[in-house]
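I opened this entry to keep track of what I looked up in one model. The notes run from the whole chain down to single residues.

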Amino acid sequence: MGWHASGTYCCTSKTGGSNGATMRFDPEASWGANAGLQCARDFLEPVKAKHPGMSYADLWTLASCVAIEEMGGPTIPVSIFVYGML
């Protein structure tokens, strides 16, 4: 998800990318490059509801780092700013 949130940015049309987490909405949600990611977005929605001050971009980046570590990859240091938390 972390790659798809940023890797789909198109310089020509200025669509895709992380800004505004537009991958949640059509037409971007249904782009072939994002096929199957609705399941992951749905899975993370309860986390977002519990932490509304966390941006979708940060949530998806954090989830990507956790997934890499859980699959045996390296621990990726993450610093997330959540509005309303000190």
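**Surface and overall form**

I began with the surface: the protein chain exposes about 5700 Å², and carbon and sulfur atoms supply 64% of that area. The model is a predicted one, and I kept that in mind throughout.

I then looked up the charges. The protein chain carries 5 positive and 7 negative side chains. The centres of these two sets lie 7 Å apart.

For secondary structure I noted three helices and zero strands in the protein chain. In sequence order the pattern reads α-α-α. The radius of gyration is 13 Å, close to the 12 Å that the globule rule gives for 86 residues, so the protein chain is as compact as a globular protein of that length. I also took the extent of the C-alpha trace, which spans about 35 × 35 × 25 Å along its principal axes.

How much of the chain is buried? I found that buried residues make up 27% of the 86 residues. I checked contact range as well: of the contacts between residues at least 6 apart in sequence, 35% join residues at least 24 apart.

**Confidence**

I looked up the mean pLDDT of the protein chain, which is 84. I noted that 93% of its residues reach 70 or more. Which elements have the lowest and the highest mean pLDDT? I found α1 lowest, at 77, and α2 highest, at 93.

**The loop between α1 and α2**

I went next to the loop that runs between α1 (2-7) and α2 (37-50), where asparagine 34 lies. Is asparagine 34 buried or exposed? Its relative accessible area is 1%, under the 20% cut-off, so I entered asparagine 34 as buried. I listed its contacts, leaving out residues up to four places away in sequence: asparagine 34 touches His4, Thr8, Met23, Glu28 and Ala29.

Proline 27 is found in the loop between α1 and α2 too. I checked the peptide bond that joins aspartate 26 and proline 27, and it is cis, with omega about 10 degrees. I added a reminder that most peptide bonds are trans.

**Helix α3 and the segment after it**

I placed threonine 61 in helix α3, which covers residues 56-70. Its relative accessibility is 38%, so I entered threonine 61 as partly exposed. I also took one distance from this residue: the C-alpha atoms of threonine 61 and threonine 22 are separated by 15 Å, and the two residues are 39 apart along the chain.

My last stop was proline 74, which lies in the segment after α3. Its relative accessibility is 57%, over the 50% cut-off, so proline 74 counts as exposed. Which residues does proline 74 contact, leaving aside neighbours within four places in sequence? I found Ile68 and Glu69.

Definitions and conventions: Residues are numbered from 1 along each chain as its sequence is written. This is a predicted model: local features need pLDDT of at least 70, side-chain atom pairs count only at pLDDT 80 or more; totals for chains, interfaces and linings use all residues. Side-chain values use heavy atoms; hydrogens and water are left out. Helices (H or I, at least four residues) and strands (E, at least two) are DSSP runs, numbered from the N terminus. The radius of gyration is taken over C-alpha atoms; the globule rule is 2.2 Å times the number of residues to the power 0.38. Buried means under 20% relative accessible area, exposed over 50%, partly exposed in between (1.4 Å probe, protein chains only). Contact means heavy atoms within 4.5 Å. Accessible areas come from the Shrake-Rupley method with a 1.4 Å probe; for residues, only the protein chains shown count as cover. Lys and Arg count as positive and Asp and Glu as negative; His and the chain ends are not counted. The place of a charge is taken as NZ of Lys, CZ of Arg, CG of Asp or CD of Glu. pLDDT is the predictor's confidence in each residue, from 0 to 100.
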